[in-house]
Amino acid sequence: MTKELQMIVAAAVIFVVITGGLAYWTMTISDEVAIKDGEIAAIQGKITAADKEIKKKPDLEAEKEALDKHIARYVTILPPPEVASKQSFLRMVQEKCERSQLNAKSIVFVEPKAVRGRPKKGAKIVAPGFNEVKVDIEAISTYDEFLRFLNSVERHETFLRVNTFSCRVIPFDEDEGPKEGQDGEIVWKLDIRLQVSTFTYQAKASKKKK
């Protein structure tokens, strides 16, 4: 092989190697560009979603302000915590029963349902909320006496609510059955079950670490 032919072959080999290297480098760069384009598209999607959330901020702030006003208005009609304590609430319900002549056989506090799951150790609770105090009442009284009790609850100076109630007419063959009134009419007695509650607002509650 002549020297000139050797040079031509060497030049051809070098050209092939360079061309192959350039092709491999181009393919590698193309893959990296495609990966970067995907990452940029994902970031752009997040930016678009964030922009949508940012645009909601004025409406959310207006909604929060309106809710705060509603809460402030509700709080003004709620009794303070010391008045809505179990003892004070029980005394108030008993007084209403006595004034309306509702013959209450039992008044029992309804304990709040236990929260499922245990909070993490050291967890803090800072969210505000409404606390409900409620009692179940069993009574045997006339319709007029029951109506007077309901009216006294409705006209109470702070918020009271009758959650549920049911009435059953007591028949003649029971001890607490109907009696004859002064005008000679039969006064029917009712077996009454009802639940009365009130609320207090706790602006901030916290659970300290043990």
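Which residue forms a salt bridge with R161? The views below come from a predicted model.

**View 1. R161 and E132 form a salt bridge.** The partner of R161 is E132. Their closest N and O atoms are 3.4 Å apart. This pair links distant parts of the chain. R161 sits in strand β3, which covers residues 161-169. E132 sits in strand β2, residues 129-142. The two residues are 29 apart in the chain. Are these side chains buried or exposed, or something in between? R161 is partly exposed, at a relative accessible area of 36%. E132 is partly exposed too, at 32%. The model has 7 salt bridges by the rule used here.

**View 2. R168 meets D191 across two strands.** The side chains of R168 and D191 form a salt bridge, with 3.2 Å from N to O. Here again, distant parts of the chain are linked. R168 belongs to strand β3, and D191 belongs to strand β6, residues 189-202. They are 23 residues apart. R168 is partly exposed, with a relative accessible area of 39%. D191 has a relative accessibility of 14%, so it counts as buried, because buried means under 20%.

**View 3. D191 also forms a salt bridge with R193.** The N to O distance in this pair is 2.4 Å. R193 is partly exposed, at 33% relative accessible area. Which residues do shared partners join into one network? They are E138, R168, D191 and R193. Salt bridges with partners in common make the connection.

**View 4. F89 and F149 belong to the largest nonpolar core.** This core holds 17 residues. F89 and F149 touch the most other members. Which elements each supply at least two residues of the core? They are helix α2 (86-100), strand β2, helix α3 (143-154) and strand β6. Strand β2 also holds E132 from View 1. Strand β6 also holds D191 from Views 2 and 3.

**View 5. W25, I29 and V33 form a nonpolar patch on the surface.** Together, the three residues have about 290 Å² of accessible area. W25 lies in helix α1, which runs over residues 3-76. Is W25 buried or exposed? W25 reaches 53% relative accessibility, so it counts as exposed. The cut-off for exposed is over 50%.

Terms used. Residues are numbered from 1 along each chain as its sequence is written. This is a predicted model: local features need pLDDT of at least 70, side-chain atom pairs count only at pLDDT 80 or more; totals for chains, interfaces and linings use all residues. Side-chain values use heavy atoms; hydrogens and water are left out. A salt bridge is a side-chain nitrogen of Lys or Arg within 4 Å of a carboxyl oxygen of Asp or Glu. Helices (H or I, at least four residues) and strands (E, at least two) are DSSP runs, numbered from the N terminus. Buried means under 20% relative accessible area, exposed over 50%, partly exposed in between (1.4 Å probe, protein chains only). A nonpolar core is a set of buried Ala, Val, Leu, Ile, Met, Phe, Trp, Tyr and Cys residues joined through side-chain atoms within 4.5 Å. Patches are made of residues with over 30% relative accessible area and no salt bridge: like charges are joined within 9 Å, nonpolar side chains (Val, Leu, Ile, Met, Phe, Trp, Tyr) within 5 Å. Accessible areas come from the Shrake-Rupley method with a 1.4 Å probe; for residues, only the protein chains shown count as cover.
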